[in-house]
Amino acid sequence: MEIQVNNLHTFSLNHPKPPLFTTSPHHRPTTVKLHAVSGNGKQLIQSGTVVAILPKDAVKAINEDGYQLLDIRPEWEREKSRVSGSMHVPLFVQDMDNGPITLLKKWVHFGYIGAWTGQNFTMMNPDFVDQVEKMVPDKTTKVLIACGEGLRSMMATSKLHKNGYTNLGWLAGGFNRAVDEDFPEVEGPEKLQYATIGGASYYFLKVLILLQAVGKNN
């Protein structure tokens, strides 16, 4: 299911009312299409209750507006690349159940998704809210929630808003929409925008990057 998000209230340094985001890889984000996400999270952003913050504006929001960056990606994505000083509480964790039904689901997941993306079979982190509350006990704190593509972080904003957090931001489009200069202090062996890519698709990406570099040199 595809949901078009319009009329987002966005944080912008240069434009108090910026144009809508675009998902084109050759332009800065001005339009975000959301696939299969909760309507409540979308409504929070559309109403301005949760502020949509572009990747290019995130550092400014953190340094000047006082947002704390909360990375909710699973550990294996964060190990590849992470913003220095960011907090981390995963919204999804690896499902360690080895019962027959779960094992069957894992095999199906690997065959259809896991081998290509490198993503583990996951479950919702049952302690997500409790872990965030321990890390950020003051629920009036400005928290900018981020993931790879912006969908999981939208789910996280909904959960935290329901549990009393009143100053939430959403990294529009996620880290995948960032470019190198958006987050100058990054740790890990991979570029931030490639951290969600794994498995066979990672090597396919590397080949594409190599071919692009060769094309430019020629």
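Strand 4, residues 51-53, pairs with strand 11 in the parallel sense, over three bridges. In this pairing, Ala52 has Trp170 of strand 11 as its bridge partner. The model shown here is predicted.

Strand 11 has another neighbour. Strand 10, residues 143-146, also pairs with strand 11 in the parallel sense, again over three bridges. Here Leu144 is matched with Gly169 in strand 11.

How does the chain get from strand 10 to strand 11? Helix 6, residues 151-162, belongs to the unit that they form. Strand 10, helix 6 and strand 11 make a right-handed β-α-β unit.

Now look at the two sides of strand 11, which spans residues 168-171. Are its faces covered or open? Both are covered. Leu168 and Trp170 lie on one side, and both are buried. Gly169 and Leu171 lie on the other, and they are buried too.

The next stop is the nonpolar interior. The largest nonpolar core has 25 residues. Which of them have the most contacts inside it? They are Leu70, Ile72, Phe128, Ile145 and Leu160. Several elements give two or more residues to this core: helix 1 (39-47), helix 5 (128-135), strand 10, helix 6 and strand 11. The three parts of the β-α-β unit are thus on that list.

A second core, separate from this one, has 13 residues. Tyr67, Ala146, Leu171 and Phe175 are among them.

Go back to Leu70 for a closer look. Leaving out residues up to four places away in sequence, Leu70 touches Met87, His88 and Val89, among others. The list also includes Val132 and Leu160. Val143, Leu144, Ile145 and Ala146 are touched by Leu70 as well; those four residues make up strand 10.

Glu77 is a different kind of residue to visit. Its place is in helix 3, residues 75-80. Is Glu77 buried or exposed? Glu77 counts as buried, because its relative accessibility is 1% and the cut-off for buried is under 20%. Along the chain, Glu77 and Leu192 are 115 residues apart. Their C-alpha atoms are separated by 9.4 Å.

Finally, step back to the whole chain. Its secondary structure comes to seven helices and twelve strands. The chain has 218 residues, and 41% of them count as buried. Among contacts with a separation of 6 or more, 73% are between residues 24 or more positions apart. The accessible surface comes to about 11,700 Å². Carbon and sulfur atoms account for 56% of that surface.

Key
Residues are numbered from 1 along each chain as its sequence is written. This is a predicted model: local features need pLDDT of at least 70, side-chain atom pairs count only at pLDDT 80 or more; totals for chains, interfaces and linings use all residues. Side-chain values use heavy atoms; hydrogens and water are left out. Buried means under 20% relative accessible area, exposed over 50%, partly exposed in between (1.4 Å probe, protein chains only). Two strands pair if DSSP finds at least two bridges between them. A crossover is right-handed if, with the strands pointing away from the viewer, the path from the first strand over the helix to the second runs clockwise. A nonpolar core is a set of buried Ala, Val, Leu, Ile, Met, Phe, Trp, Tyr and Cys residues joined through side-chain atoms within 4.5 Å. Contact means heavy atoms within 4.5 Å. Accessible areas come from the Shrake-Rupley method with a 1.4 Å probe; for residues, only the protein chains shown count as cover.
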